Amino acid sequence: MYDVRHVLRKAGLRSTYSGYNYLASAVALVLKNQEFYMKNVTSNLYRVVGEQYGVSNMCVEAAIRTMINSYWNQNSNKILSPLFGYPVFDKPTASEFISMLADYIQDHSPR
């Protein structure tokens with residue numbers, strides 16, 4: 001399986017954001033059980049990630065959202081569109097971004 005952090009770096013995301021580790025953990029969890037974690041992101045996914053790091057689910061969501069906002073303001077879709085292979089016109093929400101990264105990893109994982 002692709003290393004989640006490798007894909008984050010390939011997308012140009014910086015590990016200096018606190019949201020970076022939360023995002024990596026969230027994507028890894030979604031890869032294990034996408035149906036469960038993406039069904040109710042705040043209650044399921046962010047809560048589990050928050051428990052791993054000793055923070056609230058709201059803290060996890062806010063840190064990921066802040067990282068995406070900063071990333072989008074610097075890069076827009078210059079990196080994401082070529083990486084994903086389709087145009088990304090609008091800034092994705094945190095849950096959309098997690099889902100996009102998980103889908104990319106699943107599609108590009110050696111079988």
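The exercises below, each followed by a worked solution, concern a predicted model of one protein chain.

**Exercise 1. Describe the secondary structure of the protein chain, and decide how its radius of gyration relates to the globule rule.**

Begin by counting the elements: the protein chain has 7 helices and 0 strands. Reading along the sequence then gives the pattern α-α-α-α-α-α-α. The next step is to take the radius of gyration, which is 13 Å, and to set it beside the 13 Å that the globule rule gives for 111 residues; the two values are close, so the chain is as compact as a globular protein of that length. To complete the description, note that the C-alpha atoms fill a box of roughly 35 × 35 × 20 Å when this box is taken along the principal axes.

**Exercise 2. Work out what percentage of the residues is buried, and describe the accessible surface and the contacts of the protein chain.**

A residue counts as buried when its relative accessible area is under 20%, and 45% of the 111 residues of the protein chain meet this condition. Turning to the surface, the accessible area of the protein chain comes to about 6000 Å², and 49% of this area belongs to carbon and sulfur atoms. For the contacts, consider those between residues at least 6 apart in sequence: among these, 57% join residues at least 24 apart.

**Exercise 3. Decide whether L80 is buried, partly exposed or exposed, and identify its contacts outside its own stretch of sequence.**

First place the residue: L80 is found in helix α6, which covers residues 80–84. Its relative accessible area is 0%, and because the limit for a buried residue is under 20%, L80 is classed as buried. Next, leave aside the neighbours within four places in sequence; L80 is then in contact with A11, Y71, W72, G85, V88 and F97. Finally, consider a separation along the chain: L80 and G12 are 68 residues apart, while their C-alpha atoms are separated by 8.8 Å.

**Exercise 4. Place T66 and W72 in the structure and classify each of them by its relative accessible area.**

T66 is in helix α5, which covers residues 57–75, and W72 also lies in helix α5. T66 has a relative accessible area of 46%, and since a partly exposed residue falls between the limits of 20% and 50%, T66 is partly exposed. W72, with a relative accessible area of 13%, is buried. For the distances, the C-alpha atoms of T66 and A94, 28 residues apart along the chain, are separated by 9.1 Å. W72 and D90 are 18 residues apart in sequence, and from C-alpha to C-alpha they are 9.2 Å apart in space.

**Exercise 5. Classify A28 in the same manner, and give its distance in space from L101.**

A28 is found in helix α2, which covers residues 18–32. With a relative accessible area of 29%, A28 is partly exposed. In sequence A28 and L101 are 73 residues apart, and in space they are 9.8 Å apart, C-alpha to C-alpha.

**Exercise 6. Find how many cavities of 30 Å³ or more the structure holds, and describe the lining of the largest cavity.**

Rolling a probe the size of a water molecule over the atoms shows where empty space is left. A search of the whole structure finds 1 cavity of 30 Å³ or more. About 60 Å³ of space lies in the largest cavity. The residues that line the largest cavity are G12, L13, R14, Y17, M67, S70, Y71, Q74 and N75. Sorted by class, this lining has 4 nonpolar, 4 polar and 1 charged residues.

How values were computed
Residues are numbered from 1 along each chain as its sequence is written. This is a predicted model: local features need pLDDT of at least 70, side-chain atom pairs count only at pLDDT 80 or more; totals for chains, interfaces and linings use all residues. Side-chain values use heavy atoms; hydrogens and water are left out. On a 1 Å grid over the protein atoms alone, a cavity is a set of points where a 1.4 Å probe fits but cannot get out, and a pocket is an open set with protein on both sides within 12 Å along at least five of seven lines; lining residues have an atom within 4 Å of a point. Grid points are joined across faces, edges and corners, and a volume is the space filled by probe spheres set on the points. Ala, Val, Leu, Ile, Met, Phe, Trp, Tyr, Cys and Pro count as nonpolar, Asp, Glu, Lys and Arg as charged, and the others, Gly among them, as polar. Helices (H or I, at least four residues) and strands (E, at least two) are DSSP runs, numbered from the N terminus. The radius of gyration is taken over C-alpha atoms; the globule rule is 2.2 Å times the number of residues to the power 0.38. Buried means under 20% relative accessible area, exposed over 50%, partly exposed in between (1.4 Å probe, protein chains only). Contact means heavy atoms within 4.5 Å. Accessible areas come from the Shrake-Rupley method with a 1.4 Å probe; for residues, only the protein chains shown count as cover.
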